[in-house]
Amino acid sequence: MGKGSKAACKESGKVASSGGGKKKKMTTWQDEIAAAQPKLCISCEQMAGEIDKHGDGDAKVKWHRADRSRTSGEVYLTGDECYHCWDTRRRYFEDDRDTLNTKRKDNSSLDARYNCLRKDRVLKLGEHKHEEKKAADAWVAEIEAEFCEAFEEGAFYTLLRFCKSHKIKHSEDDNEDTLIRKIRRAWPSMGSRRTAS
Ligand SMILES: [Zn+2]
């Protein structure tokens, strides 16, 4: 026989802890996705289920597309992109996935901005929730304009603000030259091109 153990397993565990006995622990579609064979996200190059580099240490790379095999009943992941890459791209970028990924490879400041936006989504910080969706090229133009402004104003506080808002490692004690050096180290393509005047 050997049946029955599965059902017992579903009912056990988890329920005991926090009172409010309304929840039955059932296997959800999300649980099945989490248990499926992991796939690599081609946008952040992380495997589904591994600790997300943009998380707080516990968050795992989440996948949202999956299907169930008609023959084996097994759940398998579909698509090539994790949930947060899909979400970040759809929310902030007009480009299709492959175009955006190519442009990110070619431009480290765009890549840094993408990672910053993705991190904001993973951690649910909402710091960028008012950003408009735009094409990657428009993002690049905006980033370069911000940098030029900070750089040309030469205003220490503008540079400091730039470092903060772009999550560039710095110290409150850094002077202007040090901040500029750190910005350039973080984003090598920065300042090498001037925006059209
Ligand atoms: Zn991803």
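**Exercises on helix H8 and the nonpolar cores**

**Exercise 1.** State whether Asp177 and Arg185 in H8 are buried or exposed, and then work out which residues of H8 are buried.

*Solution.* Asp177 and Arg185 are both exposed (12 or fewer other C-beta atoms, placed from the backbone, within 10 Å of the residue's own; 20 or more is buried, and in between is partly exposed). The model is predicted, so local features need pLDDT of at least 70 and side-chain atom pairs count only at 80 or more, whereas totals for chains, interfaces and linings use all residues. Residues are numbered from 1 along each chain as its sequence is written. Turning to the opposite side of H8, a helix being a DSSP run of H or I of at least four residues, numbered from the N terminus, one finds Leu179, Ile180 and Ile183 buried. Seen down the helix axis, the buried residues of H8 fall within an arc of 100° (taken from the directions from the axis to the C-beta atoms), and therefore line one face.

**Exercise 2.** Explain why Glu172 counts as exposed, and locate this residue.

*Solution.* Glu172 lies in the loop between helix H7 (156-165) and helix H8 (176-186). Because Glu172 has 6 C-beta neighbours inside 10 Å, it counts as exposed. Its C-alpha atom is 7.8 Å from that of Leu160, twelve residues away along the chain.

**Exercise 3.** Identify which helices each supply at least two residues of the largest nonpolar core.

*Solution.* This core (buried Ala, Val, Leu, Ile, Met, Phe, Trp, Tyr and Cys residues joined through C-beta atoms within 7 Å) has 17 residues, and Leu179 and Ile183 are among those with the most contacts inside it. Helix H5 (108-122), helix H6 (136-153), H7 and H8 each supply at least two, with the largest share, four residues, coming from H6.
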